[in-house]
Amino acid sequence: MNAKLRTLIAAALVIGIASGPAVAHAASVPAPAASERIAPLVSTPPNAAALEAAIAGLGPRHMDATAALVRVGGTAGCWQGSAGVADIRTGRAAVEQGRFRAGSVTKAFTAAVVLQLAAEGRVDLDGPVRRHLPGTVPDRYGAVTVRQLLNHTSGIPAADGPGDSFEAQWEHRFDVTDPRAQVANAVAKEREFAPGSAQHYLNINYTVLGVLIEKVTGMRYEDAVGARILGPLGLHRTSFPGRTETRIRGPHNRGYQAIPKGDGSRELRDVTEWNSSDRWAAGDIISTTADLERFTVALFSGRVVPRDRLEEMFTVPDVKDFASGEPAVMTAGLSRTVLPDGTVAWGKTGGRHGYNTAIGATRDLSRTLVYSVNATDAKGQDVNPVALGVIMAAFTK
């Protein structure tokens, strides 16, 4: 396998997993040529053998994942498969159409709704956020715009949380978080940088956007996404848990976190039930691979966001990453990965304890990918090897 390709894809994966105060650095990603290559990445059907190998052997004894669900599509053909177990206690086979926590893939939905509102003339992307949400962003921050929230260049720091360690988060897994309180906590701090001068991928940007959606539409965030995206596209197995729901409703594969023990062995702790209100518009959606594939195809085809506004989701700001100093890769709701042959892939990853998820495609939809991997360290700083293997198998010849 191409080592450079593996490094670039790994960097793109990590960005979507770490979105709190500690954010992993991205590897350097070259800018695309003036005329971005959109020729089909792969002119042959998906490599079924490679995809099967990528998810082989999953289960309670596997070091990295207990289950995986994968769908590969595009103009050259499609493939879908599942592996592993739905529950380590019973050994029941993974539910192929199971629901899962999709984490930061939520941001693609949030961005799409904001861009719809912009197309309707109800939101000015270049206008200050405080025009819609008076008093939310303090004057000392400068004129933070809606576009800067979308592409993570606002300079607003992360809100305080229980801590980065798994045990700290485990102790607070049933806490109910008020998004407006999160925003107030964040903006009480000094800004990280002048708006528009750097990029820092943080959930707080999309928490503010969720509040903005509610203010502009007069609807709950969840209802606005449902009315504008889930309903029209027929995404009947996609939902939001709400502020108090801790379960995944419907068939699903349980998620686990590996906990090292003193004797060198490990415990797989069930982390399926969790309150995701602290992620809200930035990362609490629940979905299936089929629904996310349908959303990805509709989005890239211009059937969710009008094409003139859709370009925001394929436009990377010309700034550096705040943490690494490398070129920015995040857009409005997506991220860009330039493969060694010059092909550009776009997508969004997400990580919740027990679940790593991604949507991705080439701009011309010659290849699409959606996966859910029940990673045993889904919020770790390293890329899950199973997830990386799936992407390598899907996007390489």
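This passage describes the overall make-up, helix packing and aromatic contacts of a predicted model.

The protein chain contains 12 helices and 10 strands. Of its 397 residues, 59% count as buried. Contacts in the protein chain were also sorted by sequence separation: among those with a separation of 6 or more, 71% are accounted for by residues 24 or more positions apart.

Helix packing comes next, and helix 8 is a convenient place to begin. Two packed helices are described by the angle between their axes and the distance between the axes. For helix 3 (residues 106–119) and helix 8 (residues 203–217), the axes come within 10 Å and cross at roughly 40 degrees. Helix 3 and helix 8 are therefore oblique to each other, and helix 3 passes helix 8 in a left-handed crossing. On the helix 3 side, the contact is made by Lys 107, Thr 110, Ala 111, Val 113, Val 114 and Leu 117. Helix 8 contributes Asn 203, Tyr 206, Leu 209, Ile 213, Val 216 and Thr 217 to this contact.

Helix 8 also packs against helix 9, here at an angle of about 75 degrees and with the axes 9 Å apart. This angle makes helix 8 roughly perpendicular to helix 9. The residues that meet are Gly 210, Ile 213, Glu 214 and Thr 217 in helix 8 and Tyr 221, Glu 222, Ala 224 and Arg 228 in helix 9. Readers following along in the structure will find Ile 213 and Thr 217 in the contact with helix 3 as well as in the contact with helix 9.

Tyr 221 leads on to the aromatic residues. Nine aromatic pairs were counted. In one of them, the ring centres of Tyr 221 and Phe 240 lie 5.3 Å apart with their planes at 75 degrees; edge-to-face requires an angle over 60 degrees, so this pair is edge-to-face. The pair links distant parts of the chain, 19 residues apart: Tyr 221 belongs to helix 9 (residues 221–233), and Phe 240 to the loop between helix 9 and strand 4 (256–260). Tyr 221 is buried, with a relative accessible area of 0%, and Phe 240 also counts as buried, at 14% relative accessibility.

A further edge-to-face pair is formed by Phe 300 and Phe 314, whose ring centres are 5.1 Å apart and whose planes stand at 90 degrees. Phe 300 lies in helix 10 (residues 289–300), while Phe 314 lies in the loop between helix 11 (307–310) and strand 7 (335–338), so that this pair, 14 residues apart, again links distant parts of the chain. Both partners are buried: Phe 300 has a relative accessible area of 5%, and Phe 314 one of 8%. Phe 314 has a charged partner too, as the charged end of Arg 363 sits over its ring, 3.8 Å from the centre.

Elsewhere, Phe 166, Trp 170 and Trp 274 form one aromatic cluster. Within this cluster, Trp 170 has the charged end of Arg 173 over its ring, 3.6 Å from the ring centre.

Finally, Pro 128 is found in the loop between helix 3 and helix 4 (129–132). At 22% relative accessibility, Pro 128 counts as partly exposed. Its C-alpha is 5.3 Å from that of Ala 143, although the two residues are 15 apart in sequence. Leaving aside neighbours within four places in sequence, Pro 128 is in contact with Val 144 and Thr 145.

Note on methods:
Residues are numbered from 1 along each chain as its sequence is written. This is a predicted model: local features need pLDDT of at least 70, side-chain atom pairs count only at pLDDT 80 or more; totals for chains, interfaces and linings use all residues. Side-chain values use heavy atoms; hydrogens and water are left out. Rings of Phe, Tyr and Trp (its six-membered ring) pair if their centres lie within 6.5 Å; planes under 30 degrees apart count as stacked, over 60 as edge-to-face and the rest as tilted. Helices (H or I, at least four residues) and strands (E, at least two) are DSSP runs, numbered from the N terminus. Buried means under 20% relative accessible area, exposed over 50%, partly exposed in between (1.4 Å probe, protein chains only). A charge sits over a ring if NZ of Lys or CZ of Arg is within 6 Å of the ring centre and within 35 degrees of the ring normal. Axes are lines fitted to C-alpha atoms, for helices over the stretch in contact, and angles run from 0 to 180 degrees between N-to-C directions. Angles under 35 degrees count as roughly parallel, over 145 as roughly antiparallel, 65 to 115 as roughly perpendicular and the rest as oblique. A crossing is left-handed if the near helix is turned anticlockwise from the far one by less than a right angle, and right-handed if clockwise. Contact means heavy atoms within 4.5 Å.
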